[in-house]
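This report covers aromatic rings and one helix. Please look at the sequence and the model first.

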Amino acid sequence: MTQETVAATSDAVLDREETISRDELEALQLSRLQHTVAYAYDRVPLYKRKFDEAGVHPTDLRELSDLGKFPFTTKEDLRLEYPFGMFAVPQHEVARIHASSGTTGRATVVGYTKKDLADWAKLVARSLRASGVRPGMKVHNAYGYGLFTGGMGAHAGAEALGCTVIPISGGQTERQITLIQDFKPDAILATPTYLLTIADAMIKQGIDPASTSLKYAVLGAEPWTEEMRHELEVTMNLKACDIYGLSEVMGPGVAGEAVETQDGSHIWEDHFRPEIIDAFDPSVVLADGEPGELVFTSLTKEALPIIRYRTKDLTRLLPGTARPAHRRMGRITGRSDDMIILRGVNLFPSQIEEIALRIPELSPHFQLELTRPEGHRMDQMTVKIERRDTVTIESGAAAAKVLQQQIKIHVGSSCTVDVVEPGSLERSNGKLRRIYDMRPKG
């Protein structure tokens, strides 16, 4: 992609809230925050109970720092209030319901009023525009549709921006490729690992992924590294930007990355107030720049206001750049519930990805297998990773030793590395499973 193409993306008309000063933004946040905590206290029994138990009242919120006095909301709270106990409006005002898969427990359910849906579409549109997508472009939407918020949230935002949407959803990789070739979309929306799956499948068909019409990729729903960005941009000749969100807070579009800077997603702070807390001592709110767990409070949601929701995502807050008033998220290093503790060392799949993609012989396709062999008290980790198509078995074995050494140096833990045949590991059809825990239960 040429510099002229990238430069042409910076002249879009921004929302007024994207251009206001930090002081104006914080005044707006305080007003909306005071309304939201009172609204949640009056309308959601869980919040009244939790505020009362914590000895705080909405009138105690006089300045933004007072938010730290209020209790957290967790995924377990949403599960305990299943299905509709968290809703702040009567059923007839709920225009749409989404829910998690429930694969790790009872599903979490979220609802939206018509205004919520309009706000959501506006913020997704804002995120897509920041990432280079423009009105009139064709957008290939490979996020999953259904109860998962990704597909419909991205779809509504692209339409609100004035794009032509191709609603393919996830999976059906061969058909994805056919439509990309035939419909010639300008942008693709997907998880990063699924876009990698599409690129690999193109190569197997003899199609050069860099030859397609795609100019922009807006990727989210799983952590990914700068090394993965480089892999996708070089392989597909496009600009790849992050979009962040989670169902409990809204869905995709809570934050979006600017194509001209590609330096982390700007959080749309006119609708969400972020905090970073110490993941090991949640009572401590950390200063900007310090790494910890991301917490969100919604400022404008009607159906499901959310107060200090613990996302489990580990990152840090940085000053705004392309949107100066809105702070940025650093790269998500992982989720606290995805953290592997191996022989006393904490590690995340994203660390392995970052190291592996610096070794030219190794591909981005890997899995982590955790075992505890019979008779052993210590856990073992095996990194199964594919060598690239052009790499010999002997060169792959040498690369395995390099990866093993680099993990020991940079992560601090010993592991086994098994370099396997190209195409032998499971491919993503949406969110990719990286960790296979085969340790004995109990």
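## Rings and a helix

With a relative accessible area of 0%, Phe51 is buried (under 20% relative accessible area with a 1.4 Å probe, protein chains only; exposed is over 50%). This is a predicted model, where local features need pLDDT of at least 70, side-chain atom pairs count only at pLDDT 80 or more, and totals for chains, interfaces and linings use all residues. Residues are numbered from 1 along each chain as its sequence is written, and side-chain values use heavy atoms, with hydrogens and water left out.

Phe70 is also buried, at 2%. The whole structure holds seven aromatic pairs (ring centres of Phe, Tyr or the six-membered ring of Trp within 6.5 Å). Phe51 and Phe70 form one that is edge-to-face (planes over 60 degrees apart), with 5.1 Å between centres and 70 degrees between planes. Phe51 belongs to helix 4 (residues 45-54; helices are DSSP runs of H or I, at least four residues, and strands runs of E, at least two, numbered from the N terminus). Phe70 is in the loop between helix 4 and helix 5 (75-80), so the pair ties together parts 19 residues apart in sequence. Ring pairs join Tyr41, Tyr47, Phe51 and Phe70 into a cluster.

Two arginines sit over rings (CZ within 6 Å of the ring centre and within 35 degrees of the ring normal).

| Charge | Ring | Distance to ring centre |
|---|---|---|
| Arg126 | Trp268 | 5.0 Å |
| Arg310 | Phe72 | 5.6 Å |

In helix 12, Gly396, Ala399, Ala400, Leu403 and Ile407 are buried. The exposed residues Glu394, Lys401 and Ile409 are on the face turned away from the buried side.

Methods. Phe/Tyr/Trp six-rings, centres within 6.5 Å; stacked < 30°, edge-to-face > 60°.
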